[in-house]
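Let's take a walk through a protein together, one piece at a time. Keep the sequence and the 3D view side by side as you read.

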Amino acid sequence: MSEPFLDKVIVIELGERLAVGLCGGLLARLGAEVRCIDPADAPPDAACKTGHRRVLNTGKASLTVADDLGPAQAWLEQADIVVCSSDWQAAVHATLAPTAQRRPIVCDITAFGTQSGMPPPLAGAVTDTMVQAFAGVMDTTGFPDGAPLACEAPVLECSAAVFATAGILAALQGRDADRPARQIDIALFDAAVSMLTTFIPTHFTGGAPRRMGNRHPSMAPWNAYPARDGWVLLCSASDDMWSRVCGVIGQPALAADPRFLRMAGRVANADAADALIAPWIAAHDVAECVRVFSAASVPCGPVATVGQLLADTN
């Protein structure tokens, strides 16, 4: 059996952002030895690592530090990689930061990046939700007639963790090639902007990006529809796919309707397209909708509740 990709690589987690623990988890899955330096008596906070420590530290070595910094300093001296969050760290982390910065690879995950600094008037630990608001992500989430909505899942922390892992792997390649030590700067704000790729083109072509609920800005029909016993998500991404949708709902002539003949027309007449599809879906169970549309090669899936997810044994 081949050795793990990151065998003999030691990673230290030194910071309170969720992304720090998530990045460490990804590196651990690649074979790294990951060690967490945690402050003693840190109050649990669902927005950061302390609220999820039991999960995030699973499979990692953990050291809780109060006054004696000696063991933590020794760990840091052995580290190949330090993953930190300089804008959100306990006092013990700040004390250890000078030692951490001398390691071969240091990846700092912050809200806005260490080079750009904190935009005024923001100060302190800026959460995932706050960055969603600041970067315009909230303005694209929700329904047209409703308020902006934040995604309750920490999508920016998760994305930043992936970007951080990619940067660290690239830096390891550089280290192996005898290049200088690497400082990696990852910003949740940058991760947020990268998520707007379906909305930013609208701005640059003279339009105004807007909240669309579960619809897609350039494809239709694309929406969540109520079935007899739940909800399904239907995604039609081509003219041919639209024709197959029409066949499934028993209205093949709709494929030739001038309003829906091309994608641009279906996007412009999305309300009308939805009104034609919705009654058929409402008359069928979720499982039947998924089965029939999938058989017609139209992407369709159930909108599972959290309870259904946790009860799934597959």
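Which residues does Thr165 touch, not counting residues up to four places away in sequence? The answer is Cys23, Leu26 and Leu27. Before going further, keep in mind that you are looking at a predicted model. To find Thr165 in it, look in helix 6, which covers residues 155–176. Thr165 has a relative accessibility of 7%, and because buried means under 20%, this residue counts as buried.

Now turn to the sheets. One of them is an open sheet built from six strands, and if you step across it you meet the strands in the order 3-2-1-4-5-6. The pairing in this sheet is parallel. At its edges you find strand 3 (61–65) and strand 6 (182–187), each of which pairs on one side only. Ignoring direction, neighbouring strands of this sheet are turned by 15° against each other on average.

Strand 4 is a good place to stop for a closer look. On one side, strand 1 is joined to strand 4 by four bridges, and the two run parallel. Here Val11 stands opposite Ile81 in strand 4. Strand 4 (residues 81–84) also pairs with strand 5 (residues 105–110), again in the parallel sense and over four bridges. In this pairing, Val82 stands opposite Val106 in strand 5, and Cys84 stands opposite Asp108 in strand 5.

Which way do the side chains of strand 4 point? Ile81 and Val83 point one way, while Val82 and Cys84 point the other way. This fits a general pattern: in a regular strand, side chains alternate between the two faces of the sheet. In strand 4, all four of these residues, Ile81, Val82, Val83 and Cys84, are buried.

Next come the helices beside this region. The axes of helix 3 (residues 70–78) and helix 4 come within 10 Å and cross at roughly 30°. Their crossing is right-handed. From helix 3, the contact is made by Ala72, Gln73, Leu76 and Glu77, and from helix 4 by Leu96, Thr99 and Ala100. Sorted by character, the residues of this contact of helix 3 with helix 4 are four nonpolar, two polar and one charged.

Move on to the other sheet, an open one with three strands in the order 7-8-9. Its pairing is antiparallel. Strand 7 (222–227) and strand 9 (300–302) each have a single partner strand, so one side of each is left without a neighbour in the sheet. From one strand to the next, the twist averages 25°. Strand 7 and strand 8 (residues 230–235) run antiparallel and are joined by six bridges. Look for Tyr225, whose bridge partner in strand 8 is Val232. Helix 11 (residues 270–282) packs on this sheet and touches strand 7 and strand 8. The direction of helix 11 makes about 35° with that of strand 7.

Finally, let's look at aromatic rings. How many aromatic pairs does a search of the whole structure find? It finds five. In one of them, the rings of Phe112 and Phe134 have their centres 5.1 Å apart and their planes at 70°, so the pair is edge-to-face. Phe112 lies in the loop between strand 5 and helix 5 (128–134), and Phe134 lies in helix 5, so the pair ties together parts that are 22 residues apart in sequence. Are these two residues buried or partly exposed? Phe112 is buried, with a relative accessible area of 9%, whereas Phe134, at 40% relative accessibility, counts as partly exposed.

Another pair is formed by Trp280 and Phe293: their ring centres are 5.5 Å apart and their planes are at 75°, so this pair is edge-to-face. It links distant parts of the chain, with Trp280 in helix 11 and Phe293 in helix 12 (residues 286–295), 13 residues apart. Trp280 counts as buried at 17% relative accessibility, and Phe293 counts as buried at 0%. To end the tour, find Phe112 and Phe134 once more: together with Phe189, they form one aromatic cluster.

Conventions. Residues are numbered from 1 along each chain as its sequence is written. This is a predicted model: local features need pLDDT of at least 70, side-chain atom pairs count only at pLDDT 80 or more; totals for chains, interfaces and linings use all residues. Side-chain values use heavy atoms; hydrogens and water are left out. Two strands pair if DSSP finds at least two bridges between them. Axes are lines fitted to C-alpha atoms, for helices over the stretch in contact, and angles run from 0 to 180 degrees between N-to-C directions. Contact means heavy atoms within 4.5 Å. Rings of Phe, Tyr and Trp (its six-membered ring) pair if their centres lie within 6.5 Å; planes under 30 degrees apart count as stacked, over 60 as edge-to-face and the rest as tilted. Buried means under 20% relative accessible area, exposed over 50%, partly exposed in between (1.4 Å probe, protein chains only). A crossing is left-handed if the near helix is turned anticlockwise from the far one by less than a right angle, and right-handed if clockwise. Ala, Val, Leu, Ile, Met, Phe, Trp, Tyr, Cys and Pro count as nonpolar, Asp, Glu, Lys and Arg as charged, and the others, Gly among them, as polar.
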